[in-house]
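Please explain, term by term, how the surroundings of the two ligands are classified.

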Amino acid sequence: MPVDPLHAPPAADGPRHVALIMDGNGRWAERRGVPRAIGHREGVQALKRTVQAAPALGIHCLTVFGFSTENWRRPVEEVTDLMGLVRSYVVSDLKRLEKEGVRVLVLGRRAGLPADIAEIVERVEATTAHNDKFILQVAFNYGGRADIVDAAQRHVDRVLAGEATGPLDEETFGTGLSTAGGPPVDVIVRTSGEQRLSNFLLWEAAYAELVYQNVLWPDYGPDALADVVDQYRNRDRRFGGRAAATPALAAG
Ligand code: IPE
Ligand code: IPE
Ligand code: MG
């Protein structure tokens, strides 16, 4: 969905859509002298706490970065552990998410996922498709560049099929991204102290606020998320314009 500067709610209203780069599981484990797999497992608990805390903070959508297109570069045992967590998260939480009205969407490339994970992804999306109280988007085998390339390819395919003509605009292009249909991203958060996007939501980041927190992901929870909301409320989102000024030109 394009950001319309004239109709974007003021930051003081709080973020509707928070995107989280859940980073620091490995360092959390290293500091405790335990295997990285334990850090990832505790990271899932942090995700559960965070999703449960979000609605009371006025948040309607959370997008979390679970596995990047570059994370395949990690040792095979770690990749296997991360895939295993998807299985156990879904087995242990799908019923509750369904009951609590959470719609789960999985962003990223399906091709390349192990067959049973691809099947789980389909099942989770289908089971929660009718829910609308809260949206949880899990970016898995996701890369911002891959998503932009895929959107471009979709448009090319539509043109070749005679289904699209005319010049391409941002709104049309955005419909090919995996975040199409969701609310605009208000704020992107990265934990663990690192300050980079690591290929997350490159298109959607255009006018998102950025928040960096020093907490390692397995220690994350309601207080850290409330701190994001506080920081966001103090931001002045201008979208290139000037607050309370009459724009010289209509957006676009
Ligand atoms: C984030 O934690 C989880 C994933 C990338 C899947 P990391 O595993 O990147 O933890 P650090 O950055 O090594 O501490
Ligand atoms: C980004 O974290 C990916 C996820 C959180 C899933 P990384 O830990 O993979 O990013 P880099 O390698 O530090 O940039
Ligand atoms: Mg990391």
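Q: What makes the pair formed by ligand 2 and the side chain of S198 a polar contact?
A: An oxygen atom of ligand 2 is 2.6 Å from an N or O atom in the side chain of S198. A polar contact is a pair of N or O atoms within 3.5 Å, so this pair qualifies. Taken alone, ligand 2 exposes 390 Å², of which the protein buries 77% (Shrake-Rupley accessible area with a 1.4 Å probe).

Q: On what basis are these values given?
A: The model is predicted: local features need pLDDT of at least 70 and side-chain atom pairs pLDDT 80 or more, whereas totals for chains, interfaces and linings use all residues. Residues are numbered from 1 along each chain as written, chains are lettered from A and ligands numbered from 1 in written order, and side-chain values use heavy atoms, without hydrogens and water.

Q: Why is N71 also called a polar contact of ligand 2?
A: A polar side-chain atom of N71 lies 2.9 Å from an oxygen atom of ligand 2, which is within the limit, so the pair counts.

Q: What makes R74 one of the residues that surround ligand 2?
A: R74 is listed among the residues surrounding ligand 2; therefore one of its heavy atoms lies within 4 Å of the ligand.

Q: Which residue has a side-chain polar contact with ligand 1 at 2.7 Å?
A: A polar side-chain atom of R27 lies at that distance from an oxygen atom of ligand 1. The protein covers 86% of the 380 Å² that ligand 1 has on its own.

Notes. A polar contact is a pair of N or O atoms within 3.5 Å; within protein, one must be able to donate a hydrogen and the other to accept it, and residues adjacent in sequence count only if both atoms are side-chain atoms.
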